[in-house]
Amino acid sequence: RPRQGYEYSRTMNPTRKALQDCLAALEGGAYGLAFASGLAATDTILRLLHADSHVLAGNDVYGGTFRLFDKVLRRFNLDFTFADTTDPESVAEALTPHTRLVWLETPTNPLINITDIEAVAAITKKNNLILVVDNTFASPALQNPLTLGADIVMHSATKYLGGHSDVIQGALVMNSAE
């Protein structure tokens, strides 16, 4: 009997597909992916990079993100710079020839600093870089980074999307099938 494309529940099932489609719709994206946690989603994004790649991130990112970048992923020869992303000029100055990805969190956790996503997107597009925005604190109700030029939106859905600690979940939304 036909399985309608669902061969193995862990890789895809109708409930998960419905959730991912809803996440994409909330962010105005084409594709949504659900994860066991926000850090699992974050870790997956960094797997797009090769060793010796440079990542520019905000200097006020969530502590778990900072520890993943600084304590874990550096061991895999990824280089991280933490800069003031609220100033687009600071972002442009912190780029290196090895920069491949810019990681924004806006508003930030815990200081609620705000970055102009559109201004940073102009810089990343000019330099052919991936722009990721952690939209956990704003949520799709208040901000849609894809419409402002982001390539990937990340959520720790454990927070506002899931009811703040009612579930543990992460999400990614993007427009590119690649």
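## Strand β4 and its partners

In this predicted model, strand β4 runs parallel to strand β5 (residues 130-134), and 5 bridges join the two. Within this pairing, V102 of β4 stands opposite L131 of β5. Strand β4 also pairs with strand β2 (residues 54-58): these two run parallel as well, and 4 bridges join them. Here V55 of β2 is the residue that stands opposite L101 of β4.

Strand β4 covers residues 99-105, and 6 of its 7 residues are buried, so the strand is largely enclosed by the rest of the structure.

## Overall make-up

The protein holds 6 helices and 7 strands. Read from the N terminus, the order of these elements is α-β-α-β-α-β-α-β-α-β-α-β-β. The protein has 178 residues and a radius of gyration of 16 Å; the globule rule gives 16 Å for that length, so the protein is as compact as a globular protein of that length. Along the principal axes, its C-alpha atoms fill a box of roughly 60 × 35 × 30 Å.

Of the 178 residues, 47% are buried. Considering contacts between residues at least 6 apart in sequence, 64% join residues that are at least 24 apart. The accessible surface amounts to about 9400 Å², and carbon and sulfur atoms account for 54% of that area. The protein carries 14 positive and 19 negative charges, and the mean positions of these two groups are 12 Å apart.

## The loop after β4

The loop between β4 and α5 contains P107, and α5 itself spans residues 117-126. The peptide bond leading from T106 to P107 is cis, with omega near -10 degrees. P110 lies in the loop between β4 and α5 too. The bond that joins N109 and P110 is again a cis peptide bond, with omega about 25 degrees. Most residues other than glycine have a negative phi, and most peptide bonds are trans.

I112 is another residue of the loop between β4 and α5. Although I112 is not a glycine, its phi is positive, at about 60 degrees. Its relative accessibility is 43%, and I112 therefore counts as partly exposed; the partly exposed class runs between 20% and 50%.

## A positive phi in helix α6

S139 also has a positive phi, near 65 degrees, and is a residue other than glycine. Its place is in helix α6, which spans residues 139-142. With a relative accessibility of 12%, S139 counts as buried, since the cut-off for that class is under 20%.

## Helices α3 and α2

Helix α3 covers residues 63-72, and its buried residues are G64, T65, L68, F69 and D70. An α-helix has 3.6 residues a turn, so residues three or four places apart point the same way. The buried residues of α3 pack against α2 (38-46) and against three strands, namely β2, β3 (79-83) and β4.

T42 is a residue of helix α2. Its relative accessibility is 0%, so T42 counts as buried. Leaving aside residues up to four places away in sequence, T42 touches T65, L68, F69, W103 and M154. Among these contacts, T65, L68 and F69 are also on the list of buried residues in helix α3.

## L146, between α6 and β6

L146 lies in the loop that connects α6 with β6, a strand of residues 152-156. This residue is buried, with a relative accessible area of 10%. With residues up to four places away in sequence not counted, L146 touches E27, G28, G29, D151, I152, V153, V173, M174 and N175.

How far apart are the C-alpha atoms of L146 and V102? They are separated by 14 Å, and the two residues are 44 residues apart along the chain. V102 is the residue of β4 that stands opposite L131 in β5.

How values were computed: Residues numbered from 1 in each chain as written. Predicted model: local features only at pLDDT ≥ 70, side-chain atom pairs only at ≥ 80, totals over all residues. Heavy atoms only, no water. Rg over C-alpha atoms; globule rule 2.2 N^0.38 Å. Buried < 20%, exposed > 50% of the residue type's maximum accessible area, 1.4 Å probe, protein only. Contact = heavy atoms within 4.5 Å. Areas by Shrake-Rupley, 256 points an atom, 1.4 Å probe, with all protein chains shown as cover. Lys, Arg positive; Asp, Glu negative; His and termini not counted. Charge placed at Lys NZ, Arg CZ, Asp CG, Glu CD. Pairing = 2+ DSSP bridges.
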